[in-house]
Amino acid sequence: MRLIVNGKTHEVDVEDEMPLLWVLRDVLGVTGPKYGCGIAMCGACTVHVGGEPVRSCSLPVGDVKADVITIEGLGTPAALHAVQKAWVAHQAAQCGYCQSGQIMSAAALLSANDNPSDDDIDQAMSGNLCRCGTYPRIRAAIRAAARELKGRPT
Amino acid sequence: MSRVGTIARRTFLIGTAVIAGGVAFGVYAYKREPINPLLKDLGDGQAALTPYVRIDQSGVTIITPRADLGQGVASILAALVAEELDIAWNDIRVDFGSPSAAYYNGIAAAEGLPVPATDSSFKARTTRVVGDAVSKFLGLQITGGSSSVPDAYEKMRIAGAAAREVLLQAAARRTGIPKHQLKTRDGNVITPRGEVLSYASLAAEAAKIEPPQKVRLKPAADWRYLGKPMQRIDIVAKSTGTATFGIDIRMPGMVYATVRANPAIGGGIKGYDASAAAKARGVIAVVPITGGVGVIADNTWRAFKAAELIKCDWGAAPYPPSSAAMFEVVASSFTGERQDSRLKDEGDVEAALQDAGVIEAEYKVPYLAHAPLEPMNAVVQLKDGRLDIWTATQIPLFVVATAAEVSGLAPDNVHLHSLMSGGSFGRRLEDDYVRQAVEIAKAYPGHPIKMTWTREEDMTHDFPRPLGMARMRGAVRDGKVEAYDLKVACPSVTASQIGRLHMPTFGPDIAIVAGAWDQPFRIPHYRVTGYRVPELVPVSSWRSVGASANGFLHNGFLDELIHEAGVDPLKELIRLCWHEPSRKVLEAVGEMSKWGSDVGKDRGRGIAFTLSFGVPVAEVVEVSNTPQGIRIDKVFVAADVGRVLDPTNFENQVQGAVIWGLGHAVNCELTFKDGVAEQTNFHAYEGLRLNQAPTIEVRAIDNGSPIRGIGEPPVPPAAPALANAIFAATGKRIRELPLNKHIDFV
């Protein structure tokens with residue numbers, strides 16, 4: 001089957017029901033999305049499919065009908081996305097394991113809504129668990145990224 | 001066999017027994033510095049000026065030999081060296097190094113000592129010196145107990161200063177310019193004529209120079225990095241998905257594995273039928289492991305799926321099957337026979353509690369899982385008589401010893417490559433997952449194998465924080481707390497955990513009463529007694545260990561007594577507190593939270609204080625009682641760790657620890673049915689989510705106290721401050737965790 005990940009086309013020979021997460025990680029070697037729960041409860045595996053944030057651990061690859069963007073496709077150390085810049089500036093990460101998913105959820109929120117309220121942020125981010133408890137910094141980083149994306153001074 | 005292997009099996013003593021152990025083998029024989037492990041692998045032109053500094057043609061690498069579990073220890077330890085060595089922040093490269101006794105942790109054992117952190121007497125100081133010597137003797141390279149910074153604070157700065165001195169000497173020899181005329185800047189030696197000699201270019205010559213025994217450290221006023229906000233070394237990688245955790249390792253020819261072990265811990269496996277699994281797509285092999293079965297496949301998901309197909313015939317758990325039965329064992333442990341310690345016994349508690357008006361209560365706390373978001377995993381390869389292991393661990397030398405034992409190889413042929421960890425909270429103080437991975441490697445040698453646990457395997461094979469109960473009695477008089485008798489019963493973390501490391505313990509287990517017996521309050525009649533419940537489920541260290549439970553138990557009932565006395569909780573805590581740094585922390589949190597001001601309708605404020613790991617922490621929680629349930633609005637935290645090395649990381653650690661403490665208090669417990677943990681994934685073990693997280697205001701109070709770590713100390717006061725706030729808002733006193741068994745949360 002054909003899969004477009006971060007702009008690159010791949011042919012993969014796997015079961016339709018194999019979750020997208022494991023195709024990314026073990027077949028394509030894209031390890032930014034993380035395995036945390038396998039039941040869409042922690043959000044560490046969040047990627048964008050057709051621009052929408054999805055929990056790739058629970059999405060059968062056979063159901064993927066649009067382009068996939070992972071954290072690696074959002075920005076790179078040399079060319080950070082605005083959300084990633086804000087994450088660095090606010091020193092959001094502790095262990096960092098959940099942050100790929102947090103960043104992908106935040107980027108999806110901000111691409112749909114560049115002026116999110118606290119409730120919008122709550123809605124968009126409550127599916128992403130952080131066992132280290134970095135939520136206060138994540139919230140601050142999202143607000144900063146929103147300001148930057150709107151071209152306002154941060 | 002490495003030091004740990006041989007010495008541990010010769011039954012030296014650790015944990016609670018360090019005083020006796022220290023006397024037995026003498027402190028002063030162990031003053032000799034351990035061998036620098038970097039020297040053995042040096043190439044041409046490379047220098048290992050201390051065990052913490054390796055220099056080669058491409059630059060300087062700082063060895064940060066503690067596990068980075070998210071607490072940012074690699075960055076802080078690197079900064080200690082970089083500050084004195086004088087290298088640019090962006091040029092810092094870190095390496096966790098090879099396991100070595102040279103990286104012993106001299107502070108980790110301190111929390112197990114029967115001297116309170118507030119005791120600065122000669123006897124207490126001597127005891128701590130003995131503790132350090134024991135760690136050095138055993139070569140205990142351990143990450144835990146919020147000890148990494150206090151342990152490294154001097155020795156890694158000295159390492160940086162000694163390395164700089166050697167580089168200056170090398171430059172002096174080469175240029176003929178007297179050393180005192182040379183300066184350093186950002187990884188270079190600068191001559192008076194302005195010539196620049198990079199440290200890398202001096203490596204070969206520096207390697208021939210003996211580092212000085214004595215160096216002068218910079219005064220704090222001259223610090224460039226320390227004490228100021230730092231950018232974590234790993235922050236860009238962790239914000240771009242490019243950080244490599246154990247679970248992300250990829251190698252040519254790698255195969256993927258998972259395990260299913262008996263979820264009735266220790267029950268063993270009587271047999272299994274893997275016929276369906278063996279035929280599943282991608283399955284390479286099904287292999288027996290201790291107490292379970294391993295599956296090797298061509299990807300992780302296929303290994304997971306195949307493992308589900310195996311029919312296992314499990315043995316029964318060697319402990320009572322249900323939580324109710326376990327709590328019965330706890331409840332029946334308040335006996336003379338099971339009394340473990342009575343380290344605080346002031347005044348005459350029995351006499352003071354003769355009168356009518358004695359207040360009594362019983363409190364309960366559950367088992368709690370560590371549940372780091374990265375499930376346990378390890379990459380292993382057994383090939384040509386050499387075993388390589390890539391994983392994260394807080395106990396590297398024990399991992400090597402275990403791997404050597406399982407593989408039958410000499411420890412010198414076991415190579416551990418330490419990695420950062422996606423959380424741990426104490427989980428990686430155990431090496432069960434490495435043992436399994438090596439068993440699989442033995443059954444399938446010659447290939448790199450990545451073994452990954454499912455979340456379900458992780459939740460049902462934790463070594464949790466123990467359950468416990470407390471029975472309290474107390475009395476008040478004339479608006480003052482007059483008597484407090486606290487009895488705590490729980491299994492011994494120390495005996496369970498240290499026992500698995502093949503080391504004996506004796507004497508009382510301080511963890512049973514930590515965060516209760518050692519609190520800096522002067523109550524006229526004040527007694528804390530620990531009772532050791534027999535081990536039920538194997539238990540281990542969980543962020544803040546004994547204090548995680550005792551913070552709730554001790555503060556909860558103290559708040560009840562203060563309420564009974566009819567006085568203000570903050571004022572009474574300050575009145576009772578004899579320890580000045582602790583009192584200042586209480587005063588600070590009062591000021592921050594505007595304690596005493598009107599908190600508003602249907603709202604409440606609660607305060608709690610715990611001194612743990614030498615750090616006094618006071619927290620005020622504000623809640624609202626809404627129609628949908630309790631909402632946690634705001635938390636104020638004041639803590640004294642002495643000098644703060646990185647204010648940003650300090651704030652991050654405090655906020656995280658508070659959310660950890662609150663989240664588990666609100667909705668987490670591990671309960672057992674038929675000997676198996678009932679909470680198998682995050683649907684049943686959530687903690688706080690972002691929408692529930694309060695704002696958290698943090699203040700560091702520096703009373704000139706000795707430097708301390710901050711990873712754990714803010715955890716214990718969080719739960720009781722919340723429970724006390726709920727009482728203030730609703731009048732409902734909750735004496736059992738998790739709180740959501742008794743009240744709803746938004």
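**Exercise 1.** In this predicted model, determine which strands of chain B helix H6 lies across, and at what angle the helix runs to S7(B).

*Solution.* Step 1: locate the helix, which comprises residues 199-206 of chain B. Step 2: identify the strands beneath consideration; H6(B) lies across S6 and S7 of chain B. Step 3: compare directions; H6(B) runs at about 65° to S7(B).

**Exercise 2.** Describe the sheet to which strands S5, S6 and S7 of chain B belong, and explain why one side of S5(B) and of S7(B) is left without a neighbour in the sheet.

*Solution.* Step 1: establish the order. The three strands form an open sheet, arranged S5-S6-S7 in chain B, with antiparallel pairing. Step 2: consider the edges. Strand S5 (183-185) and strand S7 (196-198) of chain B each have a single partner strand, so each has one side without a neighbour in the sheet. Step 3: state the twist, which averages 30° from one strand to the next.

Step 4: examine one pairing in detail. Strand S6 of chain B, residues 188-190, is joined to S7(B) by three bridges in the antiparallel sense. Opposite Val189(B) stands Leu197(B), a residue of S7(B).

Step 5: add the helix that packs on the sheet. Helix H5 of chain B, residues 148-175, touches S5, S6 and S7 of chain B. The direction of H5(B) makes about 50° with that of S6(B).

**Exercise 3.** Decide whether the radius of gyration of chain B agrees or disagrees with that of a compact globule.

*Solution.* Step 1: obtain the expected value. For 746 residues, a compact globule would have a radius of gyration near 27 Å. Step 2: compare. Chain B has 27 Å, which agrees. Step 3: consider the extent of the chain; its C-alpha trace spans about 85 × 70 × 55 Å along the principal axes.

Step 4: turn to the interior. Of the 746 residues of chain B, 60% count as buried. Step 5: consider the contacts in chain B with a separation of 6 or more; 79% of them are between residues 24 or more positions apart. Step 6: record the elements of chain B, namely 20 helices and 27 strands.

**Exercise 4.** Characterise the side of chain A that touches chain B by its residue classes.

*Solution.* Step 1: state the extent of the interface. Contact is made between 49 residues of chain A and 48 residues of chain B. Step 2: name the contributing elements. Those of chain A that give two or more residues include helix H4 (99-112) and helix H6 (135-149). The largest share, five residues, comes from H6(A). Step 3: sort by class. This side of chain A has 25 nonpolar, 17 polar and seven charged residues.

Key. Residues numbered from 1 in each chain as written. Chains lettered and ligands numbered in written order. Predicted model: local features only at pLDDT ≥ 70, side-chain atom pairs only at ≥ 80, totals over all residues. Contact = placed C-beta atoms within 7 Å. Helix = DSSP H or I, 4+ residues; strand = E, 2+ residues; numbered from the N terminus. Nonpolar A, V, L, I, M, F, W, Y, C, P; charged D, E, K, R; others polar. Rg over C-alpha atoms; globule rule 2.2 N^0.38 Å. Buried ≥ 20, exposed ≤ 12 C-beta atoms within 10 Å, placed from the backbone. Pairing = 2+ DSSP bridges. Axes fitted to C-alpha atoms, helices over the stretch in contact; angles between N-to-C directions.
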